Amino acid sequence: MLFRRTLRTSAAALALLLPFAAACGNEAQAESPSSVTLKVGATGWKTEEAVLKYAGLDDTPYRVKWSQFQGGDQQLQAVRAGALDLASSSEIPPVFAAADGEPNFKVVAVQRGATLNQEVVVPKGSKVTGIAGLKGRKVGYVQNTTAHYFLYELLKQAGLKWSDIDAKPLLPNDGLAALNGGSIDALASYGTSIITAHQQGATTVGSGRDILSGNFLWSARDSVLQSPAQKAAAADLIARITKAYAYVRDGHEDGFAKITANATHQPLAQAKKDLVDAQTQRPTQARTVGDDAIASQQKVADAFTGLGALKNHVDVKSFWTTALNADLRKAL
């Protein structure tokens, strides 16, 4: 069994290395894969790093340095500062990161993913039962993220304006502490903070599940796209993550659910349910850049312009590129 799995893993690794080598071409002598280090961001906990290791696909010919952040907005800030090469986020953070008109990054790929655990929650004992009940109340939200967007859309659906609530921008962990401490009446957040909130008795009054597109974006610093070896490495890494999740869905949910439960401090049964539900709703898989994804993000950007969160119209097409499409197609 172990021998057969080793052979399968080695074959998969070889298949992924072939497009990498081809993409490097004649530049391989100047910049070999072993000389490449990709600084990559992760939100919440290092899920991508963990799933690659679990699937036996972490044996990259280049080095990967993972850094953990509380949100995609912080990842894009790190890209702008030169501290990250590759950032993963929802559609929203790149819009704000590029709002000054001088971004040093491009969106290079789309990762389709679940929109579960994207919620507005109230603490245990709250009398609020729906979004309409938030009028005049203090609501924490994670600024310039999915939470900001779906809270705005949920308020509109309930016939409320943004000005009808006392909105408090907070990071996920700070928002959770504020919710438990009673300094806010509700919290719009995502991921681990929502999971933890429910463990502490919070209830859901609104969800972004059907509001969000499920498009999660990979953004690469311009310098990555200028290096054939780094560009090939980025495509290879994104493809490996897609293949790793395919491995999980192929009868290996139990093992990865255990890893997730340990990382997020939740019961194993709940971790497995969340994993299965997420992969059932929308299997995690990468796609190349296309017009539909650009149009989806433009819709989100226009909503933030209408909200007044963006001072001027942002043409999102200006910071997308198809430069990674050929490499990613080969790697996938």
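**View A. The lining of the second largest pocket has three nonpolar, six polar and five charged residues.** In this classification, Ala, Val, Leu, Ile, Met, Phe, Trp, Tyr, Cys and Pro are nonpolar, Asp, Glu, Lys and Arg are charged, and the others, Gly among them, are polar. The model shown here and below is predicted: local features need pLDDT of at least 70 and side-chain atom pairs pLDDT 80 or more, while totals for chains, interfaces and linings use all residues. Residues are numbered from 1 along each chain as its sequence is written, and side-chain values use heavy atoms, with hydrogens and water left out. A pocket is found on a 1 Å grid over the protein atoms alone, as an open set of points where a 1.4 Å probe fits, with protein on both sides within 12 Å along at least five of seven lines; lining residues have an atom within 4 Å of a point. The volume of the second largest pocket is about 260 Å³, where a volume is the space filled by probe spheres set on the grid points, which are joined across faces, edges and corners. To find your way in, look for Asn-117, Glu-119, His-198, Gln-270 and Asp-274, which lie nearest its centre among 14 lining residues. Two elements, α7 (192-199) and α11, each give two or more residues to this lining. The largest share, four residues, comes from α11. Helices (H or I, at least four residues) and strands (E, at least two) are DSSP runs, numbered from the N terminus.

**View B. The largest pocket has a volume of about 1200 Å³.** Its lining takes in 44 residues, and nearest the centre lie Thr-43, Trp-45, Thr-47, Gln-118 and Gly-191. Helix α11 (residues 268-281) appears again, giving the largest share of this lining, five residues. By class, there are 16 nonpolar, 25 polar and three charged residues in the lining of the largest pocket.

**View C. Asn-117 and His-265 both carry a positive phi without being glycine.** Most residues other than glycine have a negative phi. Asn-117 sits in the loop between β4 and β5 (118-122), with a phi of about 55°. His-265 belongs to the loop between α10 (253-264) and α11, with a phi of about 60°. Which of the labels buried, partly exposed or exposed fits Asn-117? At 21% relative accessibility, Asn-117 is partly exposed, whereas His-265, at 66%, is exposed. Buried means under 20% relative accessible area, exposed over 50%, and partly exposed in between (1.4 Å probe, protein chains only).

**View D. Helix α12 (residues 291-307) agrees with its expected span.** The expected value is 1.5 Å times one less than the number of residues, so the 17 residues of α12 should cover 24 Å, and its end C-alpha atoms are 25 Å apart. Its buried residues are Ala-293, Ile-294, Ser-296, Gln-297, Gln-298, Val-300, Ala-301, Ala-303, Phe-304 and Leu-307. Their cover includes α4 (92-97), β4 (105-112), α5 (146-157) and β10 (215-221). After the helix comes Gly-308, with a positive phi near 95°.

**View E. Ser-89 and Ser-90 are both buried.** Ser-89 is in strand β3, and Ser-90 is in the loop between β3 (86-89) and α4. Their relative accessibilities are 6% for Ser-89 and 9% for Ser-90. Leaving aside neighbours within four places in sequence, Ser-89 is in contact (heavy atoms within 4.5 Å) with Gly-72, Leu-76, Pro-94, Phe-216 and Leu-217. With such neighbours again left out, the contacts of Ser-90 are Thr-146, Asn-215, Phe-216 and Leu-217. A polar atom of the Ser-90 side chain lies 3.3 Å from the backbone nitrogen of Ile-92.

**View F. Leu-187 is buried in strand β8 (residues 186-190).** Its relative accessibility is 0%. Beyond its neighbours within four places in sequence, Leu-187 is in contact with Glu-119, Val-120, Val-121, Gly-140, Tyr-141, Gly-175, Leu-176 and Leu-179.

**View G. Arg-240 is a buried residue of helix α9 (residues 228-249).** Its relative accessible area is 0%. Which side chains does the side chain of Arg-240 meet in polar contacts? They are those of Asp-59, at 3.1 Å, and Asp-236, at 2.7 Å. A polar contact is a pair of N or O atoms within 3.5 Å; within protein, one must be able to donate a hydrogen and the other to accept it, and residues adjacent in sequence count only if both atoms are side-chain atoms.
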